[in-house]
Amino acid sequence: MQKKIPTLIESFQNRTEQYKERVPHLADLCELIVSEPGLAAPVAEHGTWDKPNRLFSAVEYLLAKNPGHPLSTWDGDVRGNFRDFVARYEKELSLICASRKARANDPLVAAMLRPGIGFAQHWAGDRELALVELGAAAGLTLMLDRFGYRYGEAGLDTGRPLVLDIEVRGESVSYLGEPLRIGQRIGIDLDPIGIADADEIAWLRACSHDLPGQRTRIDQALAEAEEASPELVAGDFMAELPGVLAGIPDCRVPVVYEANVMCCLEQRAELPGLLAAAGRDLVWVSKDMPKYVLGLFTGDDLGEFAEAHGLVTAVTFRAGELEQVQVLAEVDGFGRWMRWTPTVVR
Ligand SMILES: C[S@@+](CC[C@H](N)C(=O)[O-])C[C@H]1O[C@@H](n2cnc3c(N)ncnc32)[C@H](O)[C@@H]1O
């Protein structure tokens, strides 16, 4: 059954709770908008669930261009400053809300994917990996071997500026010591974010306003991307993937991975067949909700993981035959923690 699309007021009401812990100033503005809905006029006719995200992204985008406005510090009289900003820039905000959709590419998700890629390298032995990210946006996680990590007590020091920190619950994380041998980095996206396009990056930064440190992570990963030059393919990954896999030399093991993308994909049931059809050794790694990924490989049986919010899953294919399905970790939706629970489920 399709969920009912929320009204303008409901969309801001819903977001208040989600924002309270992470971005209290935006939670407060959601409450303000619920009592003064006219403040959301620029987004009233645009978007559905994403109305708050669109509006606040548009505000951040214009603030970056007008840093002198008192709202830009997000302190003092935030409610008053927000009223003033909306009144002053209502037309510009409406145009942005009408023409742009929110984008996301926080490298933080790499902290959840990295042990899965380590597993893939362990499985591949001394062969090089070809990373293929589905729904890559700007392709920032394709540089995950160039980031440092802290997993509770354990860490991975790459000597690079970006260090991702995640709380580990339960057992300590494995496969971190596996040196990655990355031979290729390919991202596929319907609408790739060009890392050399200053305006697209400004919009990505504006949309990245609901987790601490997001923009710094994006900037640091962009600097890595400038050096590592990942390849970005524009198109539907279900259509592009066979050609991309066929173009990867046999000596490399493709690691096809995704984060937060399968939920939007109507034909996701076709994905396991597509991976098998490549007829080669290949690893699939995913960070997503259980029903959107694990169920594809287990005939919808989610077993003990049915209630998990998110899972890191790894599936191996040997010469095109599905070999093993493994849940590596449970994770929360915001990159705050992971519970390492390697469990072979098929
Ligand atoms: C929610 S964002 C996730 C981006 C990134 N993976 C992350 O976790 O930050 C979803 C991305 O997938 C892309 N996308 C969605 N469906 C797609 C498809 N069928 N083919 C290619 N890209 C797709 C969108 O353009 C968008 O950049």
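This report walks through a ligand shell, three residues with positive phi, one helix and one strand residue.

The model is predicted, with local features requiring pLDDT of at least 70 and side-chain atom pairs counting only at pLDDT 80 or more, while totals for chains, interfaces and linings use all residues. Residue numbers start from 1 along each chain as its sequence is written.

Let's start with the ligand. There are 18 residues around the ligand, and Gly135, Ala137, Leu190, Phe237 and Ala259 come nearest (a residue is near a molecule if its C-beta atom, placed from the backbone, lies within 6 Å of it). By class, the shell has 11 nonpolar, 3 polar and 4 charged residues; here Ala, Val, Leu, Ile, Met, Phe, Trp, Tyr, Cys and Pro count as nonpolar, Asp, Glu, Lys and Arg as charged, and the others, Gly among them, as polar. At least two shell residues each come from β5 (182-189) and α8 (237-246). Helices (H or I, at least four residues) and strands (E, at least two) are DSSP runs, numbered from the N terminus.

Now for the backbone. These residues have positive phi:

| Residue | Phi | Place |
|---|---|---|
| Trp74 | near 55 degrees | loop between α3 (51-65) and α4 (78-99) |
| Tyr175 | about 65 degrees | loop between β4 (163-170) and β5 |
| Ser229 | near 45 degrees | follows α7 |

Are Trp74 and Tyr175 buried or exposed? Trp74 counts as partly exposed because it has 17 C-beta neighbours inside 10 Å, whereas Tyr175 has 20 and so counts as buried. The cut-offs are 20 or more other C-beta atoms within 10 Å of a residue's own for buried, 12 or fewer for exposed, and anything in between for partly exposed, with C-beta atoms placed from the backbone.

On to α7, residues 214-228. Its 15 residues should span 21 Å at 1.5 Å a residue, and the end C-alpha atoms are 21 Å apart, so the two agree; the expected span is 1.5 Å times one less than the number of residues. Buried residues in α7 are Gln214, Arg217, Ile218, Gln220, Ala221, Leu222, Glu224 and Ala225. An α-helix has 3.6 residues a turn, so residues three or four places apart point the same way. Part of the cover over the buried residues of α7 comes from α6 (198-207).

Finally, Leu232 sits in strand β6 (residues 231-234). Leu232 counts as buried because it has 21 C-beta neighbours inside 10 Å. Setting aside neighbours within four places in sequence, Leu232 is in contact with Ala136, Gly139, Gly187, Asp189 and Pro192, contact meaning C-beta atoms, placed from the backbone, within 7 Å. Ile195 is 37 residues from Leu232 along the chain, and their C-alpha atoms are separated by 10.0 Å.

Definitions and conventions: Contact = placed C-beta atoms within 7 Å.
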